[in-house]
Amino acid sequence: MTQLPESLEWQGQMARLQSESPEVAAAMAGVERARRALSRACVEAVPNINTQFSVQYDDSTDYTVAGAQIGLALPIWNRNQGGIRQAQADITEAVRNVDRVELNLNRRLADAFRQYSDAHVTATTYATDILPRAQRTFDLVQQGYAQGEVGYLDVLAAQQTYSRTNLAYLDALGSLWQNYVQIDGLLLDGSLSQPAN
């Protein structure tokens, strides 16, 4: 495929990355998980009411004895303040983790976008300027050889130059497509091999 990919815009890709990235979604899920843990810690400060009902029969007196107990722990000194503070700290950590993930994505996108832009300029220059010139030169040398004005070694040198130029263009095009796919794929290249944070 020798076709150039469509041009990417930095702002659009940045917005797309922040809204669609699974890395950001995972970090946001961590924030939600920490908020739910805080809600649970706040509820755990309120003790459960324990009830017990019993019915017993005494054979010696032939009486049936019924009883009811209600128990309630009074959280006078321990209202789960430690658990609540830990849950609040976990929320802060999760929010900072979202910021860290977003900054990491911004840095990686900047690196990928720089490589994409360089490869785009190189491939475009080859496609519009260098490769057509090399083709024209090669065609002119072939015409000169056909008319007997140029030697066979000159044809081989022109052909070698054209082939090298074409290979350099294909390398630049491959680099361009690789960076394009990496950006279009939300920078997930190799993400399955990295340990989860």
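**Exercise 1.** Which residues of α4 are buried?

*Solution.* The model is predicted, and the assignment below rests on its computed accessibilities.
Step 1. Burial requires under 20% relative accessible area.
Step 2. In α4, the residues that count as buried are Val155, Ala158, Tyr162, Thr165, Tyr169, Ala172, Leu173, Leu176, Asn179, Tyr180 and Ile183.
Step 3. The cover over these buried residues of α4 includes α1 and α3.
Step 4. In general, residues three or four places apart on an α-helix point the same way, because there are 3.6 residues a turn.

**Exercise 2.** Determine how the end-to-end spans of α4 and α2 stand against the expected values.

*Solution.*
Step 1. Helix α4 covers residues 152-184, which is 33 residues, and at 1.5 Å a residue it should span 48 Å.
Step 2. The end C-alpha atoms of α4 lie 47 Å apart, in agreement with that expectation.
Step 3. Helix α2, residues 22-44, has 23 residues; its first and last C-alpha atoms are 33 Å apart, close to the expected 33 Å.
Step 4. Beyond the end of α4 comes Leu186, with a positive phi near 60°.

**Exercise 3.** Identify the buried residues of α2 and what covers them.

*Solution.*
Step 1. Val24, Ala27, Gly30, Val31, Ala34, Leu38 and Ala41 are the buried residues of α2.
Step 2. Their cover includes α1 (10-20) and α3.

**Exercise 4.** Describe the environment of Gln13.

*Solution.*
Step 1. Gln13 belongs to helix α1.
Step 2. Its relative accessible area is 12%, so Gln13 is buried.
Step 3. Leaving aside residues up to four places away in sequence, Gln13 touches Leu8, Leu109, Phe113 and Ile183.
Step 4. Of these partners, Ile183 is itself one of the buried residues of α4.

**Exercise 5.** Trace the salt-bridge network that contains Arg16.

*Solution.*
Step 1. The whole structure holds six salt bridges.
Step 2. Arg16 pairs with Glu20, with closest N and O atoms 3.6 Å apart. Both residues lie in helix α1, four residues apart, about one turn of the helix.
Step 3. Arg16 also forms a salt bridge with Asp184, at 3.7 Å from N to O. This pair links distant parts of the chain, with Arg16 in helix α1 and Asp184 in helix α4, 168 residues apart.
Step 4. Arg16, Glu20 and Asp184 are thereby joined in a network.
Step 5. Glu20 has 46% relative accessibility and therefore counts as partly exposed; Asp184, at 38%, is also partly exposed.

**Exercise 6.** Characterise the salt bridge between Asp111 and Arg107.

*Solution.*
Step 1. The side chains of Asp111 and Arg107 meet at 3.6 Å, N to O.
Step 2. Both residues lie in helix α3, four residues apart, about one turn of the helix.
Step 3. Asp111 is partly exposed at 33% relative accessible area, and Arg107 is partly exposed at 48%.

**Exercise 7.** Locate the nonpolar surface patch that includes Leu74.

*Solution.*
Step 1. Ile49, Ile70, Leu72 and Leu74 make up the patch, which has about 480 Å² of accessible area together.
Step 2. Leu74 sits in the loop between β2 (63-72) and α3 (81-146).
Step 3. Because its relative accessibility is 63%, Leu74 counts as exposed.

**Exercise 8.** Assess the overall form of the protein.

*Solution.*
Step 1. The protein has four helices and two strands, in the order α-α-β-β-α-α from the N terminus.
Step 2. Its radius of gyration is 36 Å, whereas a compact globule of 197 residues would have one near 16 Å.
Step 3. The C-alpha trace spans about 135 × 35 × 20 Å along its principal axes.
Step 4. Of the 197 residues, 25% count as buried.

Methods: Residues numbered from 1 in each chain as written. Predicted model: local features only at pLDDT ≥ 70, side-chain atom pairs only at ≥ 80, totals over all residues. Heavy atoms only, no water. Patch = residues over 30% accessible without salt bridge, like charges linked within 9 Å, V, L, I, M, F, W, Y side chains within 5 Å. Areas by Shrake-Rupley, 256 points an atom, 1.4 Å probe, with all protein chains shown as cover. Salt bridge = Lys/Arg side-chain N within 4 Å of Asp/Glu carboxyl O. Buried < 20%, exposed > 50% of the residue type's maximum accessible area, 1.4 Å probe, protein only. Rg over C-alpha atoms; globule rule 2.2 N^0.38 Å. Expected span 1.5 Å × (residues − 1). Contact = heavy atoms within 4.5 Å.
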